[in-house]
Amino acid sequence: MKKLFLLLLLSIGYSSISYAEERIDLICTLDTIFEWETGERVELSPEDHSLVIFPESKEFVYESLSGNYVTKGNKLIFIWEKTIPQALIDRGLLGARSIFSLDTLTSAFKDDMYTHSDSSNGEYVKGITHSGKCKTAEKLF
């Protein structure tokens, strides 16, 4: 009976390993900001960010954010609604969000940042776009 139980545990362990979902580990280097109000483009010191894509379940992990993404043409798109501190709400800022996109052909990555406030009549207005490129992360082991 113990041998049968051990065999069952080994087969379950093997099958769970064989069904592990593929993951794509990326390093996204963001180095440019475009300010939509002024039309000004600013080059920044490159900042690396970690992005993991799970193609089968259409999930992502970007830094500390996670959720599902959608595909539109060659782009993966995911949205993050930001929590607004009370001090900014008191000044009229009602909400903020980022719409992230990754072009799977060119590896271009963008973070379009939007806000809405009393002055925008509750409509989201694009403020800045933080952009750069992603590349596949090389595993150490």
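Start by selecting strand 3, residues 59-62. Strand 3 turns Phe60 and Tyr62 to a covered face, while Glu59 and Val61 lie on an uncovered one. Strands here, like helices, are DSSP runs numbered from the N terminus (E over at least two residues for a strand, H or I over at least four for a helix). Before going on, note that this is a predicted model, in which local features need pLDDT of at least 70, side-chain atom pairs count only at pLDDT 80 or more, and totals for chains, interfaces and linings use all residues. Residues are numbered from 1 along each chain as its sequence is written, and side-chain values use heavy atoms, with hydrogens and water left out.

**The neighbours of strand 3**

Now add strand 2, residues 40-54. Strand 2 and strand 3 run antiparallel and are joined by 4 bridges; two strands pair if DSSP finds at least two bridges between them. Click on Ile53 and look across: its bridge partner in strand 3 is Phe60. The hairpin of these two strands has 4 residues between them, and Lys58 takes a positive phi near 55° there.

Next, bring in strand 4, residues 65-68. Strand 4 also pairs with strand 3 in the antiparallel sense, over 4 bridges. Two partners to select are Gly67, which stands opposite Phe60, and Ser66, which is the bridge partner of Val61. Which residue in the turn of this hairpin has a positive phi? Select Glu63: the hairpin has 2 residues between its strands, and Glu63 has a phi of about 55°, although it is not a glycine. At 44% relative accessibility, Glu63 counts as partly exposed. The scale behind that word has buried under 20% relative accessible area, exposed over 50% and partly exposed in between, with a 1.4 Å probe and protein chains only.

**The aromatic cluster**

Go back to Phe60 and Tyr62, and add Phe78, Phe100 and Phe109: these five form one aromatic cluster. Altogether the structure holds 7 aromatic pairs. Rings of Phe, Tyr and Trp (its six-membered ring) pair if their centres lie within 6.5 Å; planes under 30 degrees apart count as stacked, over 60 as edge-to-face and the rest as tilted.

Zoom in on Phe78 and Phe100. How far apart are the centres of their rings? The distance is 4.9 Å and the planes are at 20°, so the pair is stacked. Phe78 belongs to strand 6 (residues 75-82) and Phe100 to strand 7, so the pair ties together parts that are 22 residues apart in sequence. Phe78 is buried, with a relative accessible area of 2%, and Phe100 is buried with a relative accessible area of 2%.

Keep Phe100 selected and turn to Phe109. The centres of these rings are 6.1 Å apart with planes at 25°, so this pair is stacked too. Phe109 is buried, as is Phe100.

**Two side trips**

For a charge above a ring, select Arg97 and Tyr124. The charged end of Arg97 sits over the ring of Tyr124, 3.8 Å from its centre. The rule here asks for NZ of Lys or CZ of Arg within 6 Å of the ring centre and within 35 degrees of the ring normal.

Then return to strand 6 and pick Glu81. Glu81 is partly exposed, with a relative accessible area of 42%. Glu81 and Tyr114 are 33 residues apart in sequence, yet 9.6 Å apart in space, C-alpha to C-alpha.

**The largest pocket**

Which residues line the largest pocket? Select Ile24, Leu26, Ile53, Pro55, Tyr69, Leu76, Leu102, Asp103, Thr104, Ser107, Cys134 and Lys135. Strand 1 (24-35), strand 7 (93-103) and strand 9 (125-136) each give two or more residues to this lining. A pocket is an open set of points on a 1 Å grid over the protein atoms alone, where a 1.4 Å probe fits, with protein on both sides within 12 Å along at least five of seven lines; lining residues have an atom within 4 Å of a point. The volume is about 170 Å³, taken as the space filled by probe spheres set on the points, which are joined across faces, edges and corners.

From the lining, pick out Ser107, in the loop between strand 7 and strand 8 (108-117). Phi of Ser107 is near 65°, a positive value in a residue other than glycine. Ser107 counts as partly exposed, at 23% relative accessibility.

**Zooming out**

Finally, show the whole chain, with its 2 helices and 9 strands. Buried residues make up 28% of its 141 residues.
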